[in-house]
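This briefing covers the fold of one protein chain, then its sheet, helix, core and selected residues. The sequence and the model come first.

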Amino acid sequence: MAGKSLVVSMEITVAQREHGCRFNDKHRITKGMRRLTVKKDRDELNYCLPCAQKFLAAGIARLLAVQTEITGQPAHQDTQPKSSNAELSGRAPR
Ligand SMILES: [Zn+2]
């Protein structure tokens, strides 16, 4: 493999049977539902899509923060932090 990615291997898959979300078993993923499958070592962890979106948003924010630390400036100058903050806090469960 050329070059290592820090981002874990993941894909959207379709559940073949009902099971719980890895993050919270009360999040039921029923047969035929789309879910996020994260490949970790030889394990496959399945998350419901609402959890997946939260993880992705947090992961992207973290990657951008590290990139900003390297470059000393935000990657996207045109990004308006206040609008993205409002969006995040509006969706936050607590
Ligand atoms: Zn979930």
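Helices here are DSSP runs of H or I of at least four residues, strands are DSSP runs of E of at least two, and both are numbered from the N terminus. On that basis the elements of the protein chain run β-β-β-β-β-α-α from the N terminus on. The model is a predicted one.

**Overall make-up**

- The secondary structure of the protein chain comes to two helices and five strands.
- The protein chain has 94 residues, of which 7% count as buried.
- Taking contacts in the protein chain between residues at least 6 apart in sequence, 32% join residues at least 24 apart.

**The three-stranded sheet**

- Three strands form an open sheet in the order β1-β4-β5, and their pairing is antiparallel.
- The edges are held by β1 (9–14) and β5 (43–47); each has a single partner strand, so one side of each is left without a neighbour in the sheet.
- On average, neighbouring strands of this sheet are turned by 30° against each other, direction ignored.
- Strands of a sheet pair through backbone hydrogen bonds, in either a parallel or an antiparallel sense.
- β1 and β4 run antiparallel and are joined by six bridges.
- Within the pairing of β1 with β4, Thr-13 stands opposite Arg-35 of β4.
- The antiparallel pairing of β4 with β5 extends over five bridges.
- Across from β5, three positions can be named: Leu-36 stands opposite Tyr-47, Thr-37 has Asn-46 as its bridge partner, and Lys-40 stands opposite Asp-43.

**The β4–β5 hairpin**

- β4 and β5 form a hairpin with two residues between them.
- Asp-41 is found in the loop between these two strands.
- The phi of Asp-41 is positive, about 50°, although Asp-41 is not a glycine.
- Asp-41 counts as exposed because it has 5 C-beta neighbours inside 10 Å, and the limit for an exposed residue is 12 or fewer.

**Helix α1**

- Helix α1 covers residues 49–71, and at 1.5 Å a residue its 23 residues should span 33 Å.
- The end C-alpha atoms of α1 are 32 Å apart, which agrees with that expected span.
- α1 lies across β4 and β5, and runs at about 55° to β4.
- After α1 comes Gly-72, with a positive phi near 80°.

**Nonpolar core**

- The largest nonpolar core has six residues in all: Cys-21, Ile-29, Leu-36, Tyr-47, Cys-48 and Ala-52.
- Leaving aside residues up to four places away in sequence, Tyr-47 touches Cys-21, Arg-22, Phe-23, Arg-35, Leu-36, Val-38, Ala-52 and Phe-55.
- Among these contacts of Tyr-47 are Cys-21, Leu-36 and Ala-52, which also belong to the core.

**Lys-39 in β4**

- Lys-39 is found in strand β4, which covers residues 34–40.
- Is Lys-39 buried or exposed? Lys-39 is exposed, because 12 other C-beta atoms lie within 10 Å, and a residue with 12 or fewer falls in that class.
- Apart from residues up to four places away in sequence, Lys-39 touches Val-8, Ser-9, Met-10 and Glu-44.
- Lys-39 and Ser-9 are 30 residues apart along the chain, and their C-alpha atoms are separated by 5.4 Å.

**Arg-17 between β1 and β2**

- Arg-17 lies in the loop that runs between β1 and β2 (19–20).
- Arg-17 has 8 C-beta neighbours inside 10 Å and therefore counts as exposed.
- Arg-17 and Met-33 are 16 residues apart along the chain, with their C-alpha atoms separated by 9.0 Å.

Note on methods
Residues numbered from 1 in each chain as written. Predicted model: local features only at pLDDT ≥ 70, side-chain atom pairs only at ≥ 80, totals over all residues. Buried ≥ 20, exposed ≤ 12 C-beta atoms within 10 Å, placed from the backbone. Contact = placed C-beta atoms within 7 Å. Expected span 1.5 Å × (residues − 1). Pairing = 2+ DSSP bridges. Axes fitted to C-alpha atoms, helices over the stretch in contact; angles between N-to-C directions. Core = buried A, V, L, I, M, F, W, Y, C linked by C-beta atoms within 7 Å.
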